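Please take a moment to look over the sequence and the model below before reading on. The paragraphs that follow lead through it one region at a time.

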Amino acid sequence: MTRNRPLLGCIADDFTGATDLANTLVRNGMRTVQTIGVLASTGGADVDTDADAIVVALKSRTIPARDAVAQSLAALRWLREQGCRQFVFKYCSTFDSTDAGNIGPVSDALLDALGSDFTIACPAFPENGRTIFRGHLFVADALLNQSGMEHHPLTPMTDANLVRVLQRQSPSKVGLLRYDTVAQGAGAIGARIDALRGEGVRLAIADAISDDDLLALGEACAALPLITGGSGIALGLPENFRRAGLLPARSDAAHVPPVNGPGVVLAGSASRATNAQVAHWIAQQRPALRIDPLRLARGDAVVDEALAFARDHDAAVLIYATAQPDQVKAVQAKLGVARAGELVEHALACIAAGLKARGTRRFVVAGGETSGAVVQALGVQALRIGKQISPGVPATITLDEQPLALALKSGNFGGENFFDEALRALGDAQ
C-alpha cells in the first residue's frame with residue numbers, strides 16, 4: 001500500500017523549538033514526526049512513517065550564519081524529497097538572534113531556494129505570553145528587552161522592535177503587517193500582503209495578540225511557499241490542508257504508547273522559568289545535584305559523580321547547571337561564553353548517555369541547547385509527538401524497538417512544577 005506523503009515540512013533552529021512546533025501541529029490534527037537533523041540513515045530516502053508533517057530539528061540558532069544557512073537548505077532539499085507542499089522556518093517566540101543572524105539570513109536563503117518573493121515573520125505565541133503589537137514583541141506585560149531576555153548569555157535581546165531587529169540581519173526590505181489589518185481577518189491580510197509585495201517588501205513582521213490572529217494569518221498565508229515564525233504561526237495551517245481536501249479529520253494524531261522505567265531531569269537553561277522549576281524541586285527536598293562549570297573546566301570527575309548520584313537514589317533525580325544571571329556572567333567572565341556553554345552541554349550529554357546505558361528510559365530536559373546535546377548523545381534520530389504536557393512541550397517517544405520517552409523544554413516554558421508533571425506524563429504518554 002502506498003503511504004501518505006507529508007504535507008508540511010518544517011525546519012526548526014533548535015531542538016525544543018522543533019518539539020514546540022510539532023506539539024502545535026499534533027494538537028491541530030496532524031500526525032507529526034520530528035527528526036534530529038536530516039536523517040542520514042535514510043540516505044535521502046523517505047521517512048518510514050505516515051506523518052502528515054515532518055519537523056527537522058537543527059542546532060543552528062547560534063552557529064555562524066553561513067553554517068545555519070547551509071544546514072537549513074539541506075533540510076529544505078530533503079523535505080522537498082519527502083513530498084512536502086509548504087514549508088515553515090521555526091525560531092524562538094522571543095526571536096532569539098543577533099545582528100548577524102540567523103533569522104534573516106536563513107529566511108532569505110529559503111525564499112531564494114523556493115523561488116518566492118515574500119514571507120511573514122511572526123514569533124507570537126499568545127498562550128505563553130508572547131504577543132506582537134505595532135512590530136514590538138512583548139513577553140507577558142514586558143517589552144522583550146525588559147523581560148529578562150536582555151540577559152540571555154548567547155542572544156541578548158536588547159531591542160523589542162522586530163522590524164529593526166530583522167532589518168539589521170537582512171538586505172531584503174523588511175515591512176510591518178500591522179494589527180489594524182490583522183484584526184480584519186484573512187481577506188484584509190491577503191490584500192495587505194499584495195500591497196507590501198508591491199512596495200518591494202520581502203519580509204514582513206506580522207502583529208498578533210491572540211490565537212484568532214494567528215488563525216487568520218495562517219489562512220491568509222495558505223498559498224505562500226514559506227512561512228516563518230514561532231510555533232503559534234502553525235495554528236491555522238492544518239485547516240488550510242483540510243479545506244483543500246488533503247488532510248482528513250484525525251482523532252489519533254497525539255497517540256503514542258506509554259514508556260515506563262527510571263527517569264531523570266537534566267537542566268542546562270538559565271532562564272527565569274527554569275530557575276523557578278529548579279528551586280521548586282529543591283524546596284520539596286527532592287534529590288538534586290548541581291554541575292559546576294568551573295569544576296568541569298578543571299577536569300574534575302563531575303560526570304562520574306553525577307552518575308553515582310543518580311545510582312544512589314531510587315527516585316528520579318535532578319542534575320542541573322541552571323544558575324542566576326549574575327552567576328552565569330561570573331562563570332562566563334572566567335571561561336568565555338562559548339566554552340562555558342559547551343562544557344555544560346557536553347557534561348549533561350555524557351550524563352544522559354551514561355544513564356541510558358544503565359536503563360534510564362524517561363528524560364526531561366530543560367533548555368534548547370541542552371536538549372540538542374542530549375538527544376544527540378542518546379542517539380535519537382526521530383520522535384513521534386504525543387500529547388501536550390505544558391504549552392509548547394509535548395510528550396515524545398523515539399521511533400525505536402525499545403523507545404525512550406523525552407520531554408524537551410525550552411528554558412522559558414512551563415510552570416514551577418513542570419519537572420514532576422513531565423515525568424508523570426512520560427510514564428503514561430498516551
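At roughly what angle do the axes of helix α6 and helix α7 cross? Before answering, keep in mind that this is a predicted model, and then find helix α6 at residues 186-198 and helix α7 at residues 211-220. The two axes come within 8 Å and cross at roughly 55 degrees. That angle makes α6 oblique to α7, because it is neither under 35 degrees, as roughly parallel axes would be, nor in the range of 65 to 115 that counts as roughly perpendicular. The crossing in which α6 passes α7 is right-handed. On the side of α6 the contact is made by A186, I189 and G190, and on the side of α7 it is made by A216, L217, E219 and A220. Sorted by character, the residues of this contact are five nonpolar, one polar and one charged. When looking at such a list of residues, it helps to recall that an α-helix has 3.6 residues a turn, so residues three or four places apart point the same way.

Another helix to examine is α14, which covers residues 368-377. Eight of its 10 residues are buried, so helix α14 is largely enclosed by the rest of the structure. The buried residues are G368, E369, T370, S371, G372, A373, V374 and V375. What covers them includes the helices α1 (15-27) and α13 (337-357), together with the strands β2 (32-36), β12 (263-267), β15 (362-366) and β18 (405-409). Just after α14 comes G379, which takes a positive phi of about 75 degrees.

From the helices we can turn to a sheet. Three strands form an open sheet in the order β6-β7-β8, and their pairing is antiparallel. Strands β6 (130-133) and β8 are the edge strands, each of them pairing on one side only. Strand β7, made of residues 136-139, is joined to β8 by two bridges, and F138 stands opposite L143 in β8.

Beyond β8 the chain enters the loop that runs between β8 (142-143) and α4 (162-169), and this loop is the place of M157. Is M157 buried or exposed? Its relative accessible area is 3%, which is under 20%, and therefore M157 counts as buried. Leaving aside its neighbours within four places in sequence, M157 is in contact with T94, F95, D96, S97, L144, N145, M149, E150 and V165. By contrast, the C-alpha atoms of M157 and A191, which lie 34 residues apart along the chain, are separated by 32 Å.

Finally, some details of the backbone deserve attention. Most residues other than glycine have a negative phi, and most peptide bonds are trans. In the loop between β6 and β7 we find R134, whose phi is near 50 degrees, a positive value in a residue other than glycine. With a relative accessibility of 40%, R134 counts as partly exposed. Q285 also has a positive phi, about 60 degrees, although it is not a glycine, and its place is in the loop between α9 (272-283) and β13 (288-290). Q285 is exposed, because its relative accessible area is 74% and so lies over 50%. A cis peptide bond joins G101 and N102, with omega about 15 degrees, and N102 has its place in the loop between β4 (86-90) and α3 (103-114).

Note on methods
Residues numbered from 1 in each chain as written. Predicted model: local features only at pLDDT ≥ 70, side-chain atom pairs only at ≥ 80, totals over all residues. Heavy atoms only, no water. Helix = DSSP H or I, 4+ residues; strand = E, 2+ residues; numbered from the N terminus. Buried < 20%, exposed > 50% of the residue type's maximum accessible area, 1.4 Å probe, protein only. Contact = heavy atoms within 4.5 Å. Pairing = 2+ DSSP bridges. Axes fitted to C-alpha atoms, helices over the stretch in contact; angles between N-to-C directions. Parallel < 35°, antiparallel > 145°, perpendicular 65-115°, else oblique. Left-handed = near helix turned anticlockwise from the far one by under 90°. Nonpolar A, V, L, I, M, F, W, Y, C, P; charged D, E, K, R; others polar.
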